Amino acid sequence: MSEETKILLEESEIPQAWYNIQADLPNPLSPPLNPATKKPAGPDDLAAIFPMALIAQEMSTERWIDIPGEVLDIYRLWRPTPLFRARRLEKALQTPAAIYYKYEGVSPVGSHKPNSAVAQAYYNKKAGISKLTTETGAGQWGSALSMACRFFDLECTVYMVRVSYEQKPYRRSFMEVYGARVVPSPSRETESGRNFLAEHPDSPGSLGIAISEAVEVAASHPDTNYALGSVLNHVVLHQTVIGLEAKTQLAKIGVYPDVVIGCHGGGTNFSGIAFPFLQDKFAGKKVRAVAVEPLACPTLTKGKFLYDLGDVAGFTPLMEMYTLGHDFMPPGIHAGGLRYHGASPLVSRLLHDGFIEARAYGQTDVFRSAVLFARSEGILPAPESAHAIHGAIVEAMEAKEAGEKKVILFNLSGHGYFDLTAYDAFLGNRLDDVEYPAGVLEASLKSVPII
Ligand SMILES: Cc1ncc(COP(=O)(O)O)c(C=O)c1O
């Protein structure tokens with residue numbers, strides 16, 4: 001195995017096309033449904049909030065979709081991202097496993113999110129849109145879209161989940177530097193927000209409510225569209241640059257992973273790293289893919305595979321996915337980007353059909369692994385990404401027990417330099433494992449529409 005610590009690519013090796021796993025799915029996705037008619041939703045159902053180019057990508061079964069030159073020009077600001085061999089972490093764990101991680105925190109905003117934000121801003125600009133609305137949980141997606149909108153001269157309004165708005169005031173300032181307007185959600189600016197606040201005045205907010213607010217504004221203004229940071233097929237598509245680069249990097253040193261790991265919020269950084277390897281799995285190669293989520297929001301491990309809405313107010317199409325029920329209110333854990341009731345339909349389909357695995361861990365274990373990672377490798381991980389680190393450490397310890405030289409690849413989706421309140425709470429022993437209250441799932445699943 002190679003002695004290198006950092007495997008780098010040339011700018012000329014940035015992928016020129018995104019990989020669309022819909023071309024290779026053993027079982028195709030069930031169609032999204034119009035929430036009013038419950039009939040399959042066509043392009044027209046989505047045209048009020050998305051440009052046609054993205055709607056086409058959402059539905060495409062072409063295996064490769066070219067990345068436009070203007071998007072590649074912006075990708076070049078931080079791509080290709082480095083792939084590291086985590087030698088110091090391996091040593092700390094005394095594991096025979098080889099651990100590699102792809103680091104997306106080198107993007108200007110600190111995560112994988114601009115891989116899609118730049119593409120979405122580009123297609124909206126081309127369609128003549130002048131303003132985008134969105135939600136943000138951790139603040140990473142909001143920052144990415146704020147930057148992308150600035151690059152393409154679009155206005156941007158971000159509905160930021162209130163608990164994150166309060167936990168991370170500097171993420172708000174960061175978005176404002178790019179010129180975005182940031183509104184804590186639920187807000188009084190929208191009907192969805194006002195209705196929700198009337199019933200839950202002290203709500204910490206959720207991605208589901210913030211999405212309703214952003215979609216409501218986009219759907220009622222012709223010059224405005226909506227951009228989603230996760231879940232949807234086209235967002236998954238854009239993130240495949242991560243895994244495509246990682247494959248090239250590992251091939252350079254003659255390595256192929258036994259297991260590929262990503263944290264899971266709505267499913268895009270996990271898909272981004274894993275789907276290019278799943279293409280090989282469908283062709284017979286032996287490789288596992290593991291999505292890691294918080295115990296406090298266990299969509300993949302405790303949710304049900306059903307048609308559900310993507311938001312609380314019911315503006316989005318119904319999608320077949322693992323869901324905890326669209327009115328599930330996740331506890332205010334520090335991994336704000338993983339507090340979503342649903343999952344990408346693509347990830348859901350693959351989990352349902354047994355091609356991928358899912359694990360859930362509590363936040364104190366996750367933070368313990370994050371601190372070990374920082375003390376070994378130097379990088380302070382985002383709390384979301386720390387779930388992938390913890391998943392990798394669990395795999396590495398299993399390898400140690402079995403005396404196995406397993407090759408582990410995980411995606412370090414972002415850095416945690418805006419998340420120091422969370423680290424402060426962990427180091428001060430003020431971080432609890434938020435219990436997932438029994439009966440809550442049963443109650444929230446009652447909100448799932450009957451199809
Ligand atoms: C750093 C980071 N990783 C992961 C996620 C989860 O999103 P996804 O599952 O779409 O990658 C987020 C979401 O905000 C994030 O900020």
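This tour visits one strand with its neighbours and then the surroundings of the ligand. The model is predicted.

**First stop: strand 5**

Select residues 98–103, which form strand 5. This strand is mostly covered, with 6 of its 6 residues buried. Display the side chains and view the strand from the side: A98, Y100 and K102 point one way, while I99, Y101 and Y103 point the other way. The residues of both groups are buried.

**Second stop: the partners of strand 5**

Add residues 83–85, which make up strand 4. Strand 4 pairs with strand 5 in the antiparallel sense, over 3 bridges. To find one of the contacts in this pairing, select F84, whose bridge partner in strand 5 is Y101.

Next, add residues 407–412, which form strand 15. Here the pairing with strand 5 is parallel and extends over 6 bridges. Select Y103 and look across to strand 15, where L412 stands opposite.

**Third stop: the ligand**

Now centre the view on the ligand and select the residues around it, 21 in number. Among these 21 residues, Q140, S230, G265, G337 and G414 come nearest to the ligand. The elements that each give two or more residues to this shell are helix 6 (140–151), helix 12 (268–282) and helix 16 (383–402). Which element gives the largest share of the shell? Select helix 12, which contributes 3 residues.

Finally, colour the shell by residue character. The residues around the ligand divide into 14 polar, 6 nonpolar and 1 charged.

Definitions and conventions: Residues numbered from 1 in each chain as written. Predicted model: local features only at pLDDT ≥ 70, side-chain atom pairs only at ≥ 80, totals over all residues. Buried ≥ 20, exposed ≤ 12 C-beta atoms within 10 Å, placed from the backbone. Helix = DSSP H or I, 4+ residues; strand = E, 2+ residues; numbered from the N terminus. Pairing = 2+ DSSP bridges. Near = placed C-beta within 6 Å. Nonpolar A, V, L, I, M, F, W, Y, C, P; charged D, E, K, R; others polar.
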